[in-house]
Amino acid sequence: MMKFFSLPSLFFLLAIQATVAQDVKINKRVDSLMKLMTLEEKVGQLNQYSGSVVTGPVNDAKTNMLNDIKQGKVGSMLNVRGVKDTREIQAVALQSRLKIPLLFSLDVIHGYKTIFPVPLAEAASWDLDAIKSAAHIAAKEAAASGIHWTFAPMVDVGRDPRWGRVMEGAGEDTYLGSKIATARVKGFQGEQLGGLDAIMACAKHFAAYGAAIAGRDYNAVDLSNQQLWETYLPPFKAAADAGVATFMNSFNTINGIPATGNSYLQRNILKGKWNFGGFVVSDWGSIAEMVPWGFAENQKDAALKAITAGSDMDMESLAYKNNLVKLVNEGAVPIALVDDALKRILYQKFLLGLFDDPYKFSNLAREKKVMADVKHPQIAREVAEKSIVLLKNNGQLLPLTRDTKNIVVIGPLAHSRKDMEGGWIVASDTTKVTSLYEGLVAKAGKNVKFTYVEGCGINGMSTAGFASAVAAAKSADLVIMALGESAEMTGEAKSRTDIHLPGVQEDLFVAVKATGKPVVSVLMAGRPMIFNKVADQSDAIVYAWLLGEQAGHAIANVLYGDYNPSGKLPSTFPRSVGQIPLSYQTYNTGRPVTDPKDIRYKSGYIDELNSPRYAFGYGLSYTTFNYTNLKSSATTITLTPESTVQLSFTLTNTGKYAGAEVVQLYIRDLVSSVVRPVKELKDFQKVMLKAGESTTITFTIDKDKLSYFNQDLHWVAEPGAFSLMIGSASDDIRLSATLNLTQ
Ligand code: NOJ
């Protein structure tokens, strides 16, 4: 019988057929190449060296790098970039017996040449298309500059703002983090790997690196399997489902087993249950680091444990290079393990097209053209605007008008370019970055006078600059204060025990505020900070993170109302360090606090509230939104996969400005065999509305949204009542309903 297909499904079928055919072809080429390889050459492909830029402790044991490459003892280089350098080094690899091309990799974390907001800032946009396009532009630029592979996205859930690396992730939430992981992987990898605008992405750090005890980097992780599965693994699963080409394991132990030597994670879950077909690279030196951890006796033992556990490529520890051949020859490591790792790596090299043209991504003319694309800074500015979160706006002080003629901009970040870029900067041109002061001057025009006073350093204790700051404030109509962290204070190995505004910045704020002038605080950092006096006394507060090269323009556009802020916090902002770790996904406990003034025998603190300073999902707009008219298509849902309930409501822009609102759906399973948090984000939409406009928003509830990992780690939905909450923030629920799940 003849079958008819619609045009889209025909294209889809043809695309699947083409992928399968390509897969068969590549596997054949991999197999025939492997037949030619000696054991030494096979192990060589599992070895990754760093170029002269180092992003970890230097390994002194490395001998003659170029000679090793020529002998086929290196499969990949990190920290080499640019057409000229990658061509030169690739040429050396092509002198090896089998001429296997190298993979060039780099930490392209939030832009290559065009610098976008730090990843945590981008997460505050809740705008998946914007996040995807930022990753795609980064990929385009890197791919034009000889890079095949980025060590991004970092998909670690981070609930401890002391940990410096929260800057590199998508915040505290598993659902939002999973969506962003997918967007970033798709952005980096484009339509298809092998395209000239696509590089391999890397989901890191597998797994639970974000749960390092006390927020101290590289520390141990002590985690229930429940938490591992429900909080930390889903963004990795989302990245795998999105087709991410590689994973990176992590420095931490999980319940005593280093992630790098962890078979449960890498073999059972990743390559087993999730059927991940790409390869796993270790983190920098993490194979050899299993020795100081006390998990391996020596480097040889570490190599044995890592390859057994499923670490395919050794970044910089030389443990594979120095020991794997011996281990195979002695019979301790089956050759099948080396072959499996090798096959995964070679597959990606073929897929990228490197065997057909090893210099494919290293083309001078293309490099020049792509780097000069004027759309890239424009998009970076749009993403930066979307990432800004308005925390406070008393008396509608913002947006500013040009009637405020005399403005003083005070603070150590007011005129900084370098700090706007944030960490992990590789190929940027800092002279192209716009500081806040420059952005304001460019925006407001000649009729507004701006004065800049530094006031104090970011981290120092000197108050010598306070007097001139106060004097300038006294003669101004309005003060804009730019306070926060330097780019150097966040990222890897940048954990802090105290996340208050550093140095004497808060004292400077108090001194300036005492003049009685209206103060707009612009706070910049790669993490949530604590700034209670600024929060209490500022007239308006904008959280501007570290927004990248367009920071100054983006913030000025927001302050002057050319962009109406729409960002929402992707992380909880605590009131005090003692509350950390703090997430909106808290538990009710058996003794919940109902009245914060009475915590006797209740689950609270005698010296602090339980609530955060600013909640997950919070962020204001210059306009206001009303949520009304909640309708549910049914009050019960059954366990069948097809059963769904439509929850709809009317969203109205009730203010004077056009603006975007992120509407958030939270769910609580009221009674369950494993206690659930009081709220879990399960869906969201970012909706743009003109002033006065209304629209109907619909969320679809299905069995999946009601499911969780039970005690046996099975993904189940349990019959009973669920609370459905729709709101503008996790602590600002506007509409709610109850849904019953029946058999
Ligand atoms: C160590 C970091 O943990 C990892 O994220 C990074 O990709 C590597 N160094 C390479 O720079």
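Buried means under 20% relative accessible area; Cys456, at 5% relative accessibility, therefore counts as buried. The legends below describe close-up views of a predicted model.

**View 1. Cysteines and the absence of disulfides.** Cys456 is buried at 5% relative accessibility. Cys202 is buried too, with a relative accessible area of 0%. A disulfide is a covalent bond between the sulfur atoms of two cysteines. A search of the whole structure returns zero disulfides.

**View 2. The largest nonpolar core.** This core has 184 residues, and the members that touch the most others are Phe247, Ile480 and Phe531. Helix 14 (residues 335-352) supplies the largest share, 10 residues. Because domain 1 (386-577) and domain 2 (625-742) both contribute residues, the core lies between them. A separate core of 23 residues lies apart from it and includes Val645, Phe649, Ala717 and Leu739. In soluble globular proteins, nonpolar side chains tend to be buried together.

**View 3. Surroundings of Phe247.** Phe247 is among the three residues that touch the most other members of the 184-residue core. With neighbours within four places in sequence set aside, the contacts of Phe247 include Cys202, Ala203 and Phe206. Also in contact with Phe247 are Phe236, Ala240, Leu270, Trp274, Phe276, Phe279, Val280 and Val281. Of these partners, Cys202 has a relative accessible area of 0%.

**View 4. Helix 10 against helix 12.** The axes of helix 10 (residues 263-273) and helix 12 (residues 299-309) come within 8 Å and cross at roughly 25°. Angles under 35 degrees count as roughly parallel, so helix 10 is roughly parallel to helix 12. On the helix 10 side the meeting residues are Ser263, Gln266 and Arg267, and on the helix 12 side they are Ile307, Thr308 and Ala309.

**View 5. Domain 1 and domain 2.** The chain is divided into domain 1, residues 386-577, and domain 2, residues 625-742. Their C-alpha centres are 35 Å apart. Five residues from domain 1 and nine residues from domain 2 take part in the contact.

**View 6. Two cis peptide bonds.** The bond from Phe206 to Ala207 is cis, with omega near 0°. Ala207 lies in the loop between strand 5 (202-206) and helix 8 (225-232). Another cis peptide bond, also with omega near 0°, runs from Ile580 to Pro581. Pro581 is placed in the loop between helix 22 (551-559) and strand 17 (625-632).

**View 7. Positive phi at Glu316 and Leu713.** Glu316 is not a glycine, yet its phi is positive, about 70°. The loop that holds Glu316 lies between strand 10 (314-315) and helix 13 (319-329). Glu316 has 3% relative accessibility and counts as buried. Leu713, likewise not a glycine, has a positive phi of about 60°. Leu713 sits in the loop between strand 23 (708-709) and strand 24 (715-716).

**View 8. Thr700 and its contacts.** Thr700 belongs to strand 22 (residues 694-701). With a relative accessible area of 32%, Thr700 is partly exposed. Setting aside neighbours within four places in sequence, Thr700 is in contact with Thr644, Val645, Gln646 and Lys705. One of these partners, Val645, is a member of the 23-residue core. The C-alpha atoms of Thr700 and Ile667 are separated by 12 Å, and the two residues are 33 residues apart along the chain.

Methods: Residues numbered from 1 in each chain as written. Predicted model: local features only at pLDDT ≥ 70, side-chain atom pairs only at ≥ 80, totals over all residues. Heavy atoms only, no water. Core = buried A, V, L, I, M, F, W, Y, C linked by side-chain atoms within 4.5 Å. Buried < 20%, exposed > 50% of the residue type's maximum accessible area, 1.4 Å probe, protein only. Helix = DSSP H or I, 4+ residues; strand = E, 2+ residues; numbered from the N terminus. Domains from an automatic or database assignment. Contact = heavy atoms within 4.5 Å. Disulfide = S-S within 2.5 Å. Axes fitted to C-alpha atoms, helices over the stretch in contact; angles between N-to-C directions. Parallel < 35°, antiparallel > 145°, perpendicular 65-115°, else oblique.
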